[in-house]
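The following exercises are to be worked with the sequence and the coordinates at hand. Each task is followed by a solution in steps.

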Amino acid sequence: MNGPYGKTTPSFWPEKGVFPQTPQWRESNCALTRLLAIHRRTLGRAIAVALEIRRDIDELTPLMAALCRRTCRFCPEPCCIGNTVWIDFRDLLFLHLLEEPIPPCQATSDPDDPCPFLSHHGCRLPPRIRPWMCTQYVCPTQRAVLKKRGRPTAASLLGKIERIEKNRVRMEAEVTRRVTRRMRTSPSSSPATSG
């Protein structure tokens with residue numbers, strides 16, 4: 001749906017399906033879409049950082065997939081089952097800035113619930129829209145495999161994860177700075193003058 005500031009409803013992945021979507025999830029994402037649409041002209045730096053993050057995630061994906069193929073299928077306690085995961089604000093900010101599809105629901109609402117995106121073949125979400133906490137996690141077994149492979153491989157993968165994490169912080173700070181600056185200088189946010 002389009003409004004006075006452009007697109008006001010994000011696209012969800014998939015539009016229809018087996019994932020339960022709460023009204024709060026949809027409303028929160030629509031509100032974030034509207035907020036960013038209002039400020040989009042001033043968010044060039046944040047979008048540029050988000051593009052860097054996307055490039056790095058695209059480069060990281062095959063490295064992590066190869067590592068998972070070597071370790072995950074043999075794991076007696078898969079982290080996708082045992083850990084509580086969620087889609088955080090920086091994940092959503094990244095997706096909204098680049099107008100990527102939004103996951104249809106939060107990864108979990110209760111620490112005892114399994115992730116709704118986990119299937120027998122791994123995560124059903126495309127790599128770009130997975131929670132960062134899932135993408136960046138390197139378990140002890142994987143660290144041992146990286147150590148065996150040698151320093152350049154481990155340093156490359158862990159360095160890329162660290163760079164993405166720093167850029168996520170930069171992206172959020174840039175959005176916050178731009179939105180709060182505009183709110184402070186907006187005529188509607190200043191006190192009314194009597195006269």
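**Exercise 1: A glutamate in helix α7**

E174 is buried, with a relative accessible area of 10%. The model in which this value was computed is a predicted one.

Task. Determine which element holds E174 and which residues E174 touches, not counting residues up to four places away in sequence.

Solution. Step 1: E174 belongs to helix α7, which spans residues 151–185. Step 2: with residues up to four places away in sequence left out, E174 touches R45 and A46. Step 3: the cut-off for a buried residue is under 20% relative accessible area, and E174 is classed as buried because its value is 10%.

**Exercise 2: The chain as a whole**

Task. State how many helices and strands the protein chain has and in what order the elements run from the N terminus.

Solution. Step 1: the protein chain contains 7 helices and 4 strands. Step 2: read from the N terminus on, the order is β-β-α-α-α-α-β-β-α-α-α. Step 3: of the 195 residues in the protein chain, 34% are buried. Step 4: the protein chain exposes about 12,000 Å², of which carbon and sulfur atoms supply 57%. Step 5: among contacts between residues at least 6 apart in sequence, 75% join residues at least 24 apart.

**Exercise 3: Helices α2 and α6**

Task. Find the angle at which the axes of helix α2 and helix α6 cross, and list the residues that make the contact.

Solution. Step 1: the axes of α2 (residues 44–71) and α6 (residues 140–149) come within 10 Å and cross at roughly 110°. Step 2: the two helices are therefore roughly perpendicular to each other. Step 3: α2 contributes L67, C68, R70 and T71 to the contact, while α6 contributes T141, Q142, V145, L146 and R149. Step 4: sorted by class, the contact of α2 with α6 has 4 nonpolar, 3 polar and 2 charged residues.

**Exercise 4: E59 of helix α2**

Task. Is E59 buried or partly exposed, and which side chain does a polar contact join to that of E59?

Solution. Step 1: E59 is found in helix α2. Step 2: E59 counts as partly exposed because its relative accessible area is 43%. Step 3: a polar contact of 2.6 Å joins the side chains of E59 and K160. Step 4: E59 and L157 are 98 residues apart in sequence, and their C-alpha atoms are 9.5 Å apart in space.

**Exercise 5: Helix α4, its ends and a neighbour**

Task. Establish how many residues of helix α4 are buried, which residue caps its N-terminal end, and which residue with positive phi follows α4.

Solution. Step 1: α4 (residues 89–97) is mostly covered, with 7 of its 9 residues buried. Step 2: the buried residues are D91, L92, L93, F94, L95, H96 and L97. Step 3: D88 caps the N-terminal end of α4, with a side-chain oxygen 3.1 Å from the backbone nitrogen of R90. Step 4: E99, in the loop between α4 and β3, follows α4 and has a positive phi near 55°. Step 5: most residues other than glycine have a negative phi. E99 has a positive phi although it is not a glycine. Step 6: E99 counts as partly exposed because its relative accessibility is 48%.

Step 7: turn to N29, which is placed in helix α1 (residues 23–39). N29 counts as buried because its relative accessibility is 0%. Leaving out residues up to four places away in sequence, N29 touches P10, F12, L92, H96 and I102. L92 and H96 are also among the buried residues of α4.

Conventions
Residues are numbered from 1 along each chain as its sequence is written. This is a predicted model: local features need pLDDT of at least 70, side-chain atom pairs count only at pLDDT 80 or more; totals for chains, interfaces and linings use all residues. Side-chain values use heavy atoms; hydrogens and water are left out. Buried means under 20% relative accessible area, exposed over 50%, partly exposed in between (1.4 Å probe, protein chains only). Contact means heavy atoms within 4.5 Å. Axes are lines fitted to C-alpha atoms, for helices over the stretch in contact, and angles run from 0 to 180 degrees between N-to-C directions. Angles under 35 degrees count as roughly parallel, over 145 as roughly antiparallel, 65 to 115 as roughly perpendicular and the rest as oblique. Ala, Val, Leu, Ile, Met, Phe, Trp, Tyr, Cys and Pro count as nonpolar, Asp, Glu, Lys and Arg as charged, and the others, Gly among them, as polar. Accessible areas come from the Shrake-Rupley method with a 1.4 Å probe; for residues, only the protein chains shown count as cover. A polar contact is a pair of N or O atoms within 3.5 Å; within protein, one must be able to donate a hydrogen and the other to accept it, and residues adjacent in sequence count only if both atoms are side-chain atoms.
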